[in-house]
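Reader: Before we start, please show me the sequence and the structure. I will then ask what the terms rest on.

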Amino acid sequence: MSPTNSTETTPPARTVASTQSEMTEIILPNDANVLGNLLGGRLMHFIDLTAGIAAYRHSRSFVVTAAMDHIDFIGPVHVGSLLTLRSSVNRAFTSSMEVGVKVWAENALDGRRLHVASAYLVFVAIDKDGQRVRVPRLLPETADQQRRYADALLRREHREAESARRKQGRIAAAARENSETANL
Ligand SMILES: CC(C)(COP(=O)(O)OP(=O)(O)OC[C@H]1O[C@@H](n2cnc3c(N)ncnc32)[C@H](O)[C@@H]1OP(=O)(O)O)[C@@H](O)C(=O)NCCC(=O)NCCS
């Protein structure tokens with residue numbers, strides 16, 4: 001079904017700056033593995049939350065995570081570090097938005113900061129009944145924002161091709177299973 005919004009009109013375009021979000025967390029032992037480094041799954045949780053806030057700010061509707069792709073874990077984050085995550089919408093499509101997140105770890109004692117992770121996520125805007133909602137257009141203003149906007153379209157095409165390939169794989173696996181069952 002095609003997406004809707006409450007007024008049935010295209011909502012006004014929004015700037016990237018209006019979607020920017022930032023979150024800072026102190027990493028506690030409960031967030032860490034046995035080596036005293038932040039767990040990858042916990043980091044993904046923080047990334048999902050920070051990215052979701054940018055998607056909320058852009059769409060001003062409920063959002064669900066449709067995909068988290070291309071996450072690079074660049075370096076470990078030690079217990080006691082301050083973790084800062086920054087997100088913004090890279091591009092808005094019809095009901096979906098690609099959000100980029102960049103993560104830094106800061107040594108709380110000497111203030112040194114390292115880039116430790118980056119990720120791209122896709123969120124879909126929905127209303128309270130779970131129906132997809134049309135999202136506003138995004139206005140990239142700076143050269144960096146325009147580059148991310150262009151790259152987001154390439155990543156979407158890549159995601160769609162990958163998703164179609166996986167779907168074909170599932171269909172082929174199901175057909176093999178059916179023929180094996182029939183031969184029993
Ligand atoms: C995400 C979801 C709403 C998409 O619904 P759907 O009926 O499969 O939607 P469609 O295939 O018609 O695609 C709708 C939009 O989602 C995008 N989308 C769907 N699956 C996607 C995926 N795996 N990756 C990226 N984008 C995706 C499509 O590109 C499309 O975007 P557009 O409207 O901007 O063109 C649905 O799959 C869902 O509810 N998933 C579970 C979400 C969830 O629970 N997340 C975790 C907890 S928040």
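**Ligand shell, core and one loop residue**

Author: Of the 14 residues around the ligand, those that come nearest are Ala67, Phe93, Thr94, Ser95 and Ser96; a residue is near a molecule if its C-beta atom, placed from the backbone, lies within 6 Å of it. Two or more residues of this shell come from each of strand 3 (62-73), strand 6 (113-126) and helix 2 (143-182), where helices (H or I, at least four residues) and strands (E, at least two) are DSSP runs numbered from the N terminus. This is a predicted model, in which local features need pLDDT of at least 70 and side-chain atom pairs count only at pLDDT 80 or more, while totals for chains, interfaces and linings use all residues. Residues are numbered from 1 along each chain as its sequence is written.

Reader: Which strand gives the largest share of the shell around the ligand?

Author: Strand 3, with 4 residues.

Reader: Why is Leu28 called exposed?

Author: Leu28 has 11 other C-beta atoms within 10 Å, so it is exposed: the term applies at 12 or fewer, buried at 20 or more, and partly exposed in between, with C-beta atoms placed from the backbone. Leu28 sits in the loop between strand 2 (21-26) and helix 1 (40-59).

Reader: Which residues touch the most other members of the largest nonpolar core?

Author: Among its 32 residues, they are Ile47, Ala55, Val89, Val99, Val101, Leu121 and Phe123. A nonpolar core is a set of buried Ala, Val, Leu, Ile, Met, Phe, Trp, Tyr and Cys residues joined through C-beta atoms within 7 Å. The largest share of this core, 9 residues, is from strand 6.
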